[in-house]
Every structure is written in C-alpha cells, then in structure tokens.
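Visitor: I would like to go through the side-chain packing and the charged pairs here. Please keep it plain.

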Amino acid sequence: MVETLPLGEIKKRTNNIYELVVALAKRARQINEERRARLHMEINTNDEFEDLEDALNLRPLEGHVFERKIKPTRQAIEEFFQGKLEIKYPENNVNSE
C-alpha cells in the first residue's frame, strides 16, 4: 500500500528533501545488501542438508524469505522517522597550500 509521507514532519528533521531522498536510497541499498549477505550465510551453513533437501524436494523458494519482510525503502523511511538514521557528510579535503 502506498502512503504519502508527512512533509511537515520531514521538514522539521531536514532542510533539504532531495538530500534526504538520496540518503534514504543509500540506506535502502545497505539494508538490501545486509539481507542478501545474511541469506547467503544461511544458505551456506545449511550445505550439509542440501543433498537431503534435494532428494526430498523440500527446498524452499529463495524469494519466499524476502516476501515476508518489509521493503528496504520502507525500513529506511521508518528508521528516519524513528531517529535511527543519521546523515553524515564527507569531510572536505581542501588543501591549504
């Protein structure tokens, strides 16, 4: 379900909405990569049972795990509204020579 975000609440927390969109997109990519890495670790730790699962045809669909979780973009937005997301700026390397 698509919901609009409270623009007034967003403006209270940041001055630049475009910068926030970029930060939320980057955080969503991080969440997606973390989930993928976690799933990869789960699959690799269960290699010893792979032959048995293949023989019994019990292997679950890979997409099934992702379907139950909220979307990474939604999770990034929730983290922002909960104050868990901090936007850090790269330091400028200005040479004083």
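Visitor: Is R27 buried or exposed?
Guide: This is a predicted model, and in it R27 has a relative accessible area of 15%. The cut-off for buried is under 20%. R27 is therefore buried.

Visitor: Which residue does R27 meet in a salt bridge?
Guide: R27 is in helix 2, and its partner is in helix 5, 52 residues apart from it. The partner has a relative accessible area of 11%, so it counts as buried. The N to O distance of the pair is 2.7 Å. The partner is E79.

Visitor: How many salt bridges does the structure hold?
Guide: The pair of E79 and R27 is one of them. R13 and E9 form another, at 3.2 Å, N to O. The total is 6.

Visitor: What separates R13 and E9 in helix 1?
Guide: R13 counts as partly exposed, at 39% relative accessibility. E9, at 29%, also counts as partly exposed. The two are 4 residues apart in helix 1, so the separation is about one helical turn.

Visitor: Where is the salt-bridge partner of R74?
Guide: R74 is in helix 5 and counts as partly exposed because its relative accessibility is 33%. Its side chain meets that of E3 at 3.9 Å, N to O. The pair links distant parts of the chain, 71 residues apart. E3 lies in the segment before helix 1 (7-13).

Visitor: Which residues are linked with R74 in a network of salt bridges?
Guide: One member is the partner just named, since the side chains of R74 and E3 meet in a salt bridge within the 4 Å cut-off. The network also takes in E78. The residues linked with R74 are E3 and E78.

Visitor: Which element gives the most to the largest nonpolar core?
Guide: This core has 9 residues, including I10, L20, A28 and I31. Two elements give two or more residues to it, helix 2 (17-45) and helix 5 (72-81). With 4 residues, the element that gives the most is helix 2.

Visitor: Why might such residues be found together?
Guide: In soluble globular proteins, nonpolar side chains tend to be buried together. The core here, with A76, I77 and F80 among its residues, is nonpolar. The general reason is thus the tendency of nonpolar side chains to be buried together.

Visitor: Leaving aside neighbours within four places in sequence, which residues is L24 in contact with?
Guide: L24 is itself a residue of the largest nonpolar core. Contact requires heavy atoms within 4.5 Å. With sequence neighbours within four places left out, the residues in contact with L24 are A76, I77, F80 and L85.

Note on methods: Residues are numbered from 1 along each chain as its sequence is written. This is a predicted model: local features need pLDDT of at least 70, side-chain atom pairs count only at pLDDT 80 or more; totals for chains, interfaces and linings use all residues. Side-chain values use heavy atoms; hydrogens and water are left out. A nonpolar core is a set of buried Ala, Val, Leu, Ile, Met, Phe, Trp, Tyr and Cys residues joined through side-chain atoms within 4.5 Å. Buried means under 20% relative accessible area, exposed over 50%, partly exposed in between (1.4 Å probe, protein chains only).
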